[in-house]
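Me: I've got a protein model open and I'd like to learn how to read it. Could we start with the cysteines?

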Amino acid sequence: MRLTERTDAALRILMYLAVHSDQRCSIDVVVEQCNSHRSQVVAAVQILRKAGYIASSAGRNGGIWLDAEPEDITVSEVVQLMENDFQLAQCFASAGNCDCVIKDVCLLRPALKSALGAFFQELQNVTLQDLISNADRLREVCGPPVDTVDGAFSESMSV
């Protein structure tokens with residue numbers, strides 16, 4: 001299983017905003033600092049905003065910021081919010097879409113379903129707060145959100 005670029009971007013966006021929680025950050029700064037494609041960042045921001053994890057405002061002093069407590073955001077929730085396909089094998093599809101001849105007696109599906117459940121259970125134990133427990137080091141690597149003070153978040157960057 002592999003997470004999509006959008007999910008990866010969403011997790012990095014949340015981490016970035018959490019370590020810069022005292023500031024509003026522009027989309028362009030987040031794109032640059034998270035080393036992600038702008039389209040993926042914008043899409044992730046829209047989904048995260050609709051889910052209530054981040055907030056945004058347009059205008060000269062606008063930007064995006066974390067709108068939930070880092071300890072209340074689990075990695076499992078974010079992954080499940082961002083991903084739309086957890087069909088690990090053909091037999092995970094609806095009954096009419098599975099051509100496997102052994103599907104009725106195969107034990108692979110329940111094993112994979114159990115593994116997927118364990119994957120999400122493990123991620124349920126990891127919060128955004130856990131991911132930023134090294135916030136000082138993250139700030140050193142990412143640097144400050146340099147253009148947020150000057151209102152670089154324009155109307156066209158509104159999400």
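Reply: Sure. A disulfide is a covalent bond between the sulfur atoms of two cysteines. This is a predicted model, and its disulfide count comes to zero.

Me: How far is Cys25 from the nearest cysteine sulfur?

Reply: The nearest one belongs to Cys34, and it is 9.1 Å away. A disulfide needs the two sulfurs within 2.5 Å, so Cys25 is in none.

Me: Is Cys25 buried or exposed? And what about Cys106?

Reply: The idea is to look at relative accessible area, where under 20% is buried and over 50% is exposed. Cys25 sits at 0%, so it counts as buried. Cys106 has 24%, which makes it partly exposed.

Me: OK, next topic. Which residues have the most contacts inside the largest nonpolar core?

Reply: General idea first: in soluble globular proteins, nonpolar side chains tend to be buried together. Here the largest such core has 38 residues, and Ile13 and Leu14 have the most contacts inside it. Elements giving it two or more residues include α1 (5-19), α2, α3 and β2 (63-66), along with α4, α5 (108-124) and α7. Helix α1 supplies the largest share, 10 residues.

Me: What does Ile13 touch, leaving aside its neighbours within four places in sequence?

Reply: Ile13 is in contact with Val30, Cys34, Val41, Ala44, Val45 and Leu48.

Me: Now a polar one. Where is Gln40, and what does it touch beyond four places in sequence?

Reply: You'll find Gln40 in helix α3. Its contacts beyond that range are Glu5 and Arg6. Gln40 also counts as buried, because its relative accessible area is 19% and the cut-off is under 20%.

Me: What is the phi of Asn35 like, and where does this residue sit?

Reply: Asn35 has a positive phi of about 50°, although it is not a glycine. Look for Asn35 in the loop between α2 (27-34) and α3 (38-50). At 67% relative accessibility, Asn35 is exposed.

Me: Last one: what is the mean pLDDT, and which helices have the lowest and highest values among the elements?

Reply: Think of pLDDT as the predictor's confidence in each residue, from 0 to 100. The protein averages 84, with 87% of its residues reaching 70 or more. Among the elements, helix α7 (residues 135-142) has the lowest mean, 83, and helix α4 (residues 75-82) the highest, 97. Over residues 148-159 the pLDDT is below 50, and in the model this stretch has 38 contacts beyond near neighbours in sequence.

Notes:
Residues numbered from 1 in each chain as written. Predicted model: local features only at pLDDT ≥ 70, side-chain atom pairs only at ≥ 80, totals over all residues. Heavy atoms only, no water. Helix = DSSP H or I, 4+ residues; strand = E, 2+ residues; numbered from the N terminus. Contact = heavy atoms within 4.5 Å. Buried < 20%, exposed > 50% of the residue type's maximum accessible area, 1.4 Å probe, protein only. Core = buried A, V, L, I, M, F, W, Y, C linked by side-chain atoms within 4.5 Å.
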